[in-house]
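I opened this entry to note what I looked up, starting with the contact between the chains and going on to the cores.

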Amino acid sequence: MEERKFICVSCPLGCGLNVTLDDNGEVVSVTGNNCPRGYAYAKSEVKDPRRVFASTVRVRNGKLPVCPIRSKTPAPKEKLFEIAEEVAKLEVIAPIKIGQVLIHNVCGTDVDIVASRDLSCCS
Amino acid sequence: MNNNIDVLIIGAGPAGVAAGIGAKQEGAENVVVLERDWDLGGILQQCIHPGFGLRTFREELTGPEYMHRFIQQAHDAGVEFRTNTMVFQIDKDKNSVWTMNKERGIECLNPKSIVLTMGCRERPLGAIRIPGTRPAGIYTAGTAQRFVNMEGYMPGKKAVILGSGDIGLIMARRMIWEGAEVEGVYEVMSWPGGLRRNIAQCLDDYGIPFHLKTTVTKIHGKDRLEGVTVAEVDDKMNPIKGTERFIECDTLLLAIGLIPENELSRMAGIEIHPVTGGPVVNDLLQTSNPKIFAAGNVVIVYDLVDNVSDEGLIAGKNAAKYALGKLSNKLKKIPVKGGENVRLYSPQFVTGESDTIIYMRVTHPIEGACKVVAEPGLFTQRLRYARPGEMNEVRLKAEQIQAKNPDEIIVDIKPL
């Protein structure tokens with residue numbers, strides 16, 4: 001048996017979670033959460049911690065020199081810096097549409113990088 | 001044409017865009033939102049991290065994505081937006097709104113009602129008097145956020161962050177993701193300014209040290225920042241001798257609080273609350289001038305954009321009612337007062353005309369069971385804790401207020 005503590009990041013409440021694991025590393029119980037998202041977060045945090053990655057990419061011919069991007073879904077936490085480097089290499093040509101996929105399956109994570117705003121051409 | 005505007009809204013951030021939607025929903029014909037930037041969305045344009053709109057949309061959006069949805073709704077509703085338009089004056093007596101725009105020139109607008117949605121500003125370095133030099137490399141966290149996320153510049157390579165407001169925490173992670181080093185976050189108070197989840201996902205995830213009861217006591221460097229001295233503080237917030245430590249850094253980011261932006265409100269002559277720093281409002285978000293409404297961070301600084309949008313919608317609807325002559329000029333004015341554990345709250349009056357939420361913050365953390373109340377006997381809710389960084393709410397029903405008809409309402413948070 002092992003006890004672990006997390007702060008749930010699923011919503012602004014930030015519940016303090018107390019997680020009990022059995023000897024195989026499986027979640028036995030979660031306390032301190034106010035809702036089912038806390039339980040799901042604890043399970044994911046133990047087995048496969050993930051975060052949404054949000055950054056910018058360089059833009060050519062855009063009204064702004066950079067365009068915000070995000071991982072469409074949460075990406076594996078240990079891959080975030082690898083993803084950051086992939087994203088930093090990218091340059092996109094305006095116009096860009098919100099939701100437009102800029103990188104498919106980034107770093108083999110099965111996660112797509114999408115634009116998170118519309119960006120028109122500079123002219 | 002200029003004198004044909006029903007509801008004029010100043011600022012196209014989350015509050016202003018929602019106010020536009022609200023005004024159209026209530027039946028106002030000509031609803032115009034003025035925005036000084038070239039694009040809509042206000043500060044959420046630069047808040048590219050997720051965490052917005054969980055309550056409104058049941059998913060976590062980035063700032064631009066959240067605004068995109070509201071802006072589309074506003075366009076669909078027929079709200080007119082005028083970008084690159086600066087309001088430089090509101091007359092006290094006639095309430096004319098003077099605007100400037102490169103194509104339209106200077107205009108004097110005389111709308112039937114006005115909604116103030118100018119948002120807030122960051123407390124600058126000048127507000128906290130740190131000894132030392134004034135080299136380049138010191139920015140408010142929001143300025144740095146705009147540089148990185150919208151203009152494509154990095155403020156530096158090694159940063160210290162003073163203050164633990166949410167923008168500072170978010171920028172700590174952002175700097176790390178862009179390859180910079182963040183030496184630590186220093187907070188003069190004994191509790192964090194921002195949300196706990198941001199300490200977890202922005203600092204703890206990356207091993208960034210977080211120091212409470214510690215502040216920057218000196219700035220070093222002539223042309224460019226070369227470092228800062230930090231020191232622990234005592235209970236009176238005075239630096240403790242012998243705890244000073246020099247940190248080499250080229251960037252100092254400030255996340256030391258937000259102040260409602262009310263230069264125009266003051267010109268308009270409306271009453272400003274000394275503690276919130278925003279206009280005194282009733283539950284309809286009407287200011288001391290019945291023609292002028294206000295919503296969002298210009299009134300009181302909220303934790304969540306969802307609340308800002310909610311309030312914007314309410315202000316827009318009531319401004320439309322006023323413009324259409326549907327709002328009584330004989331509204332009740334029941335004062336709301338804060339109890340001993342409440343630092344600030346809004347609205348300051350209720351009319352009993354609408355269901356309302358009174359938003360408030362505690363003066364200090366109450367770690368343990370407590371209850372949020374509205375006396376006399378209007379509301380009570382148990383809480384596990386109350387913290388200054390997390391707003392609390394009292395929800396009141398119009399019928400309930402009308403039935404009790406109290407002389408005043410006192411909101412407070414009491415330990416159990």
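I began with the interface of this predicted model. I find 20 residues of chain A in contact with 20 residues of chain B. On the chain A side, I asked which strands each supply at least two residues. They are β5 (54-60) and β6 (66-71). Of the elements on that side, β5(A) gives the most, with 4 residues. I also sorted the side of chain A that touches chain B by class and noted 12 nonpolar, 4 polar and 4 charged residues.

Next I looked up the domains of chain A. The assignment divides chain A into domain 1 (2-47) and domain 2 (54-115). I have the centres of these two domains, taken over C-alpha atoms, as 30 Å apart.

Then I turned to the nonpolar cores. The largest has 107 residues, and V115(B) and A294(B) have the most contacts inside it. Which helix gives the largest share of this core? I find helix α8 of chain B (residues 305-323), with 9 residues.

I followed A294(B) further, leaving out residues up to four places away in sequence. A294(B) touches V115(B) and L116(B), and also S265(B). I further list G278(B), P279(B), V281(B), L285(B) and T287(B) as touching A294(B). V299(B) and A315(B) complete the list for A294(B).

Last, I noted a second core, separate from the one above, with 35 residues. Among its members I wrote down A159(B), M171(B), I176(B) and C202(B).

Terms used. Residues are numbered from 1 along each chain as its sequence is written. Chains are lettered from A and ligands numbered from 1 in the order in which they are written. This is a predicted model: local features need pLDDT of at least 70, side-chain atom pairs count only at pLDDT 80 or more; totals for chains, interfaces and linings use all residues. A nonpolar core is a set of buried Ala, Val, Leu, Ile, Met, Phe, Trp, Tyr and Cys residues joined through C-beta atoms within 7 Å. A residue is buried if 20 or more other C-beta atoms lie within 10 Å of its own, exposed if 12 or fewer, and partly exposed in between; C-beta atoms are placed from the backbone. Two residues are in contact if their C-beta atoms, placed from the backbone, lie within 7 Å. Domain bounds come from an automatic or database domain assignment. Ala, Val, Leu, Ile, Met, Phe, Trp, Tyr, Cys and Pro count as nonpolar, Asp, Glu, Lys and Arg as charged, and the others, Gly among them, as polar.
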